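Here's a quick tour of a protein model, from its overall layout down to a couple of residues. Have a look at the structure first.

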Amino acid sequence: MSDSRPQFTAVDARVRGKFRIMPSADDLPMISLGSEQRPGGYDDLVNSKLPEAVVSFLINMANQLDYIAALLEEKKLDEEFPHILDGCSISGSGIDFYTDHHLEIGAYLETLLTLNALPLKMAGAVGKVVKKEQTPQGDKYSLQFTRISEPNLDAIVHFVFQEQRKSIREHHWT
């Protein structure tokens, strides 16, 4: 039997995040991230007759306010997602990560990944722990995404693409 899941390219990148252990594979996710993480009225601003510098300033200000609001929500997130993960490799199909929390193979996790700090770009997904490897840095786990919305998948794929571009540029100039 072949796996009909799409294949995605992985990139070595440090991705911080939080997770919670789900009671079952059928449990509903707690977090639902919107399809667009842009400030409200973004299109109106871009299409307005304001000077480009003013539009840019207002969009940056809105992004900073969103970031401040996210920081204020962090305490709530800490309660809902009590465990920290430190990702070392990510793709559209999953993430390899380290955590201080012991996990069992087959456990289902809901993750909230911070792809970019400023402007804040996050992605959420549900996944199954499929592998555990002992390394000098500690236990490394592999999580295969089992439920991920299209906007979250797009955000991760875009992040992977950006990291690949950054790596190519660094290697090209060294």
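## Layout

Starting at the N terminus, the elements go β-α-α-β-β-β-β-β-α. That comes to three helices and six strands. Sequence-distant pairing features a lot here: of the contacts between residues at least 6 apart in sequence, 67% join residues at least 24 apart.

## How far to trust it

Keep in mind that this is a predicted model. The protein's mean pLDDT is 84, with 86% of residues at 70 or more. Looking element by element, helix 1 (residues 42-46) sits at the bottom with a mean of 71, while strand 3 (residues 94-98) tops the list at 97.

## The core

Of the protein's 174 residues, 32% count as buried. The largest nonpolar core has 23 residues, and the ones touching the most other members are I90, I95, F97, L113, L115 and I156. Elements giving two or more residues to this core are strands 1 to 6 plus helix 3 (150-172). In soluble globular proteins, nonpolar side chains tend to be buried together.

Take L113: beyond its sequence neighbours up to four places away, L113 touches V15, R16, G17, L85, I90, I95, K121, M122, A123, F145 and I156.

## A buried threonine

T111 belongs to strand 4. Is T111 buried or exposed? T111 counts as buried because its relative accessibility is 1%, and the cut-off for buried is under 20%. Outside the four nearest places in sequence, T111 contacts K18, F19, F81, L85, A123, G124, A125, L143 and F145.

## Surface

The accessible surface is about 11200 Å², and 53% of that belongs to carbon and sulfur atoms.

Technical notes:
Residues are numbered from 1 along each chain as its sequence is written. This is a predicted model: local features need pLDDT of at least 70, side-chain atom pairs count only at pLDDT 80 or more; totals for chains, interfaces and linings use all residues. Side-chain values use heavy atoms; hydrogens and water are left out. pLDDT is the predictor's confidence in each residue, from 0 to 100. Helices (H or I, at least four residues) and strands (E, at least two) are DSSP runs, numbered from the N terminus. A nonpolar core is a set of buried Ala, Val, Leu, Ile, Met, Phe, Trp, Tyr and Cys residues joined through side-chain atoms within 4.5 Å. Buried means under 20% relative accessible area, exposed over 50%, partly exposed in between (1.4 Å probe, protein chains only). Contact means heavy atoms within 4.5 Å. Accessible areas come from the Shrake-Rupley method with a 1.4 Å probe; for residues, only the protein chains shown count as cover.
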